[in-house]
Amino acid sequence: MPIERVLSCIQPTGEIHFGNYFGAIHNWVQLQQQYDCFFGIVNYHAITMPYKPDQLSKDTTNMIFDLLACGISLDRSHLFIQSLIPEHTELSWILSCYCSYGELQRMTQFKDKSESDKLQEKGTIVSAGLFTYPILQAADILMYHPAYVPVGKDQEQHLELARNIAQRFNHKHGTYFTDPNPLFTDVPKLLSLADPAKKMSKSLGDNHVIRVFEEEASIRKKVKVAVTDTGTQTSTTMSAGVSNLFEILKACEETEVYSTLFKNYQDGNLKYSVLKEEVANALVSKANYFIKRRKEIRDDHNTWLKKVQESSEQTRAVAQSTLTKVKELVGLI
Ligand code: TRP
């Protein structure tokens, strides 16, 4: 049986943090062992919200280094930059004629983003690009006929739309696109250390996240001041903050420390300072490894950038063959 394909993409939005890493990237790294993987850095999506051109190009190159440092391998996967494959935008146009206005209106991410503070500022607009964003995402997906698309719950609706578009297209032209299945792996969802009522997310501010390339002193400081008990929970339930710290230990595969401290918790003699110390140790040891890897890659950046360019070119050949077929089916000469 041929190896099945997996596709997923990430926006180039600054440094990867441990929430992204354990929630997605770590899973990608593991999927490489088993599947023919396509991973894209989607910079066309990044211009649907306010951005700075200089920063965008820096973030795109940095995302390449970060993914490689985290374990994405060019020998095992196709890693590509979306803007190097113009077929994505061309397919997106065609697919936009297979998607209804009403479907796009129902996208909750569009509603959230269009009402976000960032777009309330003077001089900003809710762009048509933000509205049609899910069609470009459908093009990213359908282009490569993947069997599986690993996504978080927040992207479920977009993937569902891609499946509907594929179905509508196949119904008119005969089955051509594969039905891409979501791949929901049971991944840890890390919470903000500063506010464990919220998900670890960069948009909350730097004190809410721990970056995978963060310096030791800074990691220790953030973990030290992590919110534990808020005094609102009953003594029989673990607070969100404490459970998040345990979750981090588990994600870092510190199973022995985890079991010992968990038993202490159950016996009622867990010291939060000890738990925090262990969490900080676990994160620092991971971060130090990633920092070392990234430095090696950056020291040889021309070689790596060339390799990713080549990988994008190989990926483009796949995209070109899809687009040729699609245009033929649609009757575009
Ligand atoms: N919208 C996705 C996100 O913000 C990024 C994305 C773009 C994507 N194209 C994709 C994810 C294709 C999976 C497949 O996370």
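User: What makes the residues of the shell around the ligand nonpolar, polar or charged, and how many fall into each class?
Analyst: The shell divides into seven nonpolar residues, five polar ones and one charged residue. The class follows from residue type: Ala, Val, Leu, Ile, Met, Phe, Trp, Tyr, Cys and Pro count as nonpolar, Asp, Glu, Lys and Arg as charged, and the others, Gly among them, as polar. This is a predicted model, in which local features need pLDDT of at least 70 and side-chain atom pairs count only at pLDDT 80 or more, while totals for chains, interfaces and linings use all residues. Residues are numbered from 1 along each chain as its sequence is written, and side-chain values use heavy atoms, with hydrogens and water left out.

User: Which residues come nearest to the ligand?
Analyst: Of the 13 residues around the ligand, Cys9, Tyr133, Gln137, Asp140 and Gln155 come nearest. A residue is near the ligand if one of its heavy atoms lies within 4 Å of it.

User: What makes the approach of Asp140 to a nitrogen atom of the ligand a polar contact?
Analyst: A polar side-chain atom of Asp140 lies 2.7 Å from that nitrogen. A polar contact is a pair of N or O atoms within 3.5 Å, so the pair qualifies. Gln137 likewise places a polar side-chain atom 2.9 Å from a ligand nitrogen, and for an N or O atom in the side chain of Gln155 the distance is 3.0 Å. The protein buries 88% of the 370 Å² that the ligand exposes when taken alone, by the Shrake-Rupley method with a 1.4 Å probe.

User: Which helix gives the largest share of the shell around the ligand?
Analyst: Helix 7 does, with four residues. Helix 7 (128-142) and strand 1 (5-10) each supply at least two shell residues.

User: How do you know that domain 1 and domain 2 are in contact?
Analyst: Contact means heavy atoms within 4.5 Å, and 16 residues of domain 1 are in contact with 17 residues of domain 2. About 1400 Å² is buried between the two domains, with 67% of it from carbon and sulfur atoms. Glu15, Phe18 and Ala69 supply 42% of the area that domain 1 buries against domain 2. Buried area is the accessible area (1.4 Å probe) that two parts lose on being put together, summed over both.

Conventions
A polar contact is a pair of N or O atoms within 3.5 Å; within protein, one must be able to donate a hydrogen and the other to accept it, and residues adjacent in sequence count only if both atoms are side-chain atoms.
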